[in-house]
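Subject: Structure handover

Hi,

Here is the structure I said I would pass on. Have a look at it first, then read my notes below.

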Amino acid sequence: MYNLLMNEIVRHGDKAALFPIHHLQDLKRDVEGLKANAELNSFQQFIVNDLYHLDEPQDFGARSILIVASPQPSLLRLFFTLEGKRIQALLPASYADKNRSHLRVEDYLRACLAANGRHIQYAPRLPHKLSAVHSGLARYGRNNITFVEGFGSFLNLNTFFTDIACPEDPWREIRAMDACTHCQACQKACPTGAIIAERFLIDNQRCLTYFNEAGGEYEFPAWMDPGVHHTLYGCLRCQMICPQNQPYLAREGGTIEFDAAETAILMQGKPLECLPEGLRLKVDGLEMAEYLSGIPRNLRSLAAKTD
């Protein structure tokens, strides 16, 4: 069953690792250790205290945890027309598939397993990156992002409980890529100084992503160089400069245009349900809904940079 499952995953262009369910206790210990880390900022404390859920599912008979990595393009190029100017805003392509990528994976996994009397259960609140690195599927980069061989860091991770037995135990200690040992490329490229030389955890409350994912009621801090803005939200600086990602940068996801009328509506910061149907479908297709209130601020910054 294991070989059949892995072959099916590879056939769909993904990569995966399977580890025994008893390592859920090790993940819990990792998370408890993070909770006790005095260096965690408030956002990191929110992640480990409120987002993770590590209880084994009841009435399922879970025997293992499956972590699947799905490759993504490096970026999308979005263009907006604001006050007569055409403005480019890059978007990390993983954002456009982050809430739906598990559906494609789950669909083919269920079809494969159900035919053989086996089952899966999606586990969205397990720590995906920790699971991927412990399983050997991925390695951490210096920027705390996970890298998978053949994909670089341009990927989405999805985790599932399964009732499949593991033929072997791939569990290993957390480690970063060997290539990071003497490389400071991402640290030097980080536009806000979020990657810290003295420790492994980045300061994610200083990361550009933290600021441009915030709601429209927040403004960028005065200390931030206006020249750092390049994405509609998220950030690509550390990924684009990383030597391990260079083979995958040309794998872009295409170009999407928002005309002047669409841009004008987006500049109002309206929620998804208030958008006209055509624009709503475009926004929903890119999974932009949760960032809509901050897009006017972010576009103004990109427009100012264009000036």
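Before I start naming pieces: a strand here is a DSSP run of E with at least two residues, and strands are numbered from the N terminus. Please also keep in mind that this is a predicted model.

With that in hand, let's start at S70, which belongs to strand 2, residues 64-71. Is S70 buried or exposed? Its relative accessible area is 2%, and the limit for buried is under 20%, so S70 counts as buried. Its side chain has polar company all the same. The side chain of S70 makes a polar contact of 3.2 Å with that of D14, and another, at 3.0 Å, with the side chain of R104. Leaving aside residues up to four places away in sequence, S70 touches D14, R104, V105, F151, F154, L155 and N156.

Two of those names, L155 and N156, take us to strand 8, which covers residues 155-162. Strand 2 pairs with strand 8 in the antiparallel sense, over eight bridges, and P71 sits opposite L155 there. How many residues of strand 8 are buried? Eight of its eight are. L155, L157, T159 and F161 point one way from the strand, while N156, N158, F160 and T162 point the other way, and all of them are buried. Strand 8 also has strand 5 (residues 120-122) as an antiparallel partner, joined by three bridges. In that pairing, Y122 has F160 as its bridge partner.

Next, the hairpin. Strand 3 (residues 75-82) and strand 4 (residues 85-92) run antiparallel and are joined by eight bridges; one of the pairs is L78 with A89. Two residues lie between the strands, and E83 is in the turn. E83 has a phi near 50°, which is positive even though the residue is not glycine. That caught my eye because most residues other than glycine have a negative phi. E83 is also exposed, as its relative accessible area is 74%.

N144 makes a nice counterpart. Its phi is positive too, about 70°, and N144 is not a glycine either. You will find N144 in the loop between strand 6 (139-140) and strand 7 (146-147). Which is N144, buried or exposed? It counts as buried, because its relative accessibility is 8%. So one positive phi belongs to an exposed residue, E83, and the other to a buried one, N144.

Now over to the helices. There is a nonpolar patch on the surface made of F43, F46, L51 and Y210, and together they have about 330 Å² of accessible area. What gives the most to this patch? Helix 3 (residues 42-51) does, with three residues. F43 is in that helix, and F43 counts as partly exposed because its relative accessible area is 30%.

Last, a pair to look at when you turn the model around: E32 and V48. Their C-alpha atoms are 8.2 Å apart, with 16 residues separating them along the chain. E32 is in helix 2, residues 24-35, and E32 counts as partly exposed because its relative accessibility is 46%.

If you open the model, I would go to S70 and its side-chain contacts with D14 and R104, and then follow strand 2 across to strand 8.

Cheers

Terms used: Residues are numbered from 1 along each chain as its sequence is written. This is a predicted model: local features need pLDDT of at least 70, side-chain atom pairs count only at pLDDT 80 or more; totals for chains, interfaces and linings use all residues. Side-chain values use heavy atoms; hydrogens and water are left out. Helices (H or I, at least four residues) and strands (E, at least two) are DSSP runs, numbered from the N terminus. Buried means under 20% relative accessible area, exposed over 50%, partly exposed in between (1.4 Å probe, protein chains only). A polar contact is a pair of N or O atoms within 3.5 Å; within protein, one must be able to donate a hydrogen and the other to accept it, and residues adjacent in sequence count only if both atoms are side-chain atoms. Contact means heavy atoms within 4.5 Å. Patches are made of residues with over 30% relative accessible area and no salt bridge: like charges are joined within 9 Å, nonpolar side chains (Val, Leu, Ile, Met, Phe, Trp, Tyr) within 5 Å. Accessible areas come from the Shrake-Rupley method with a 1.4 Å probe; for residues, only the protein chains shown count as cover. A salt bridge is a side-chain nitrogen of Lys or Arg within 4 Å of a carboxyl oxygen of Asp or Glu. Two strands pair if DSSP finds at least two bridges between them.
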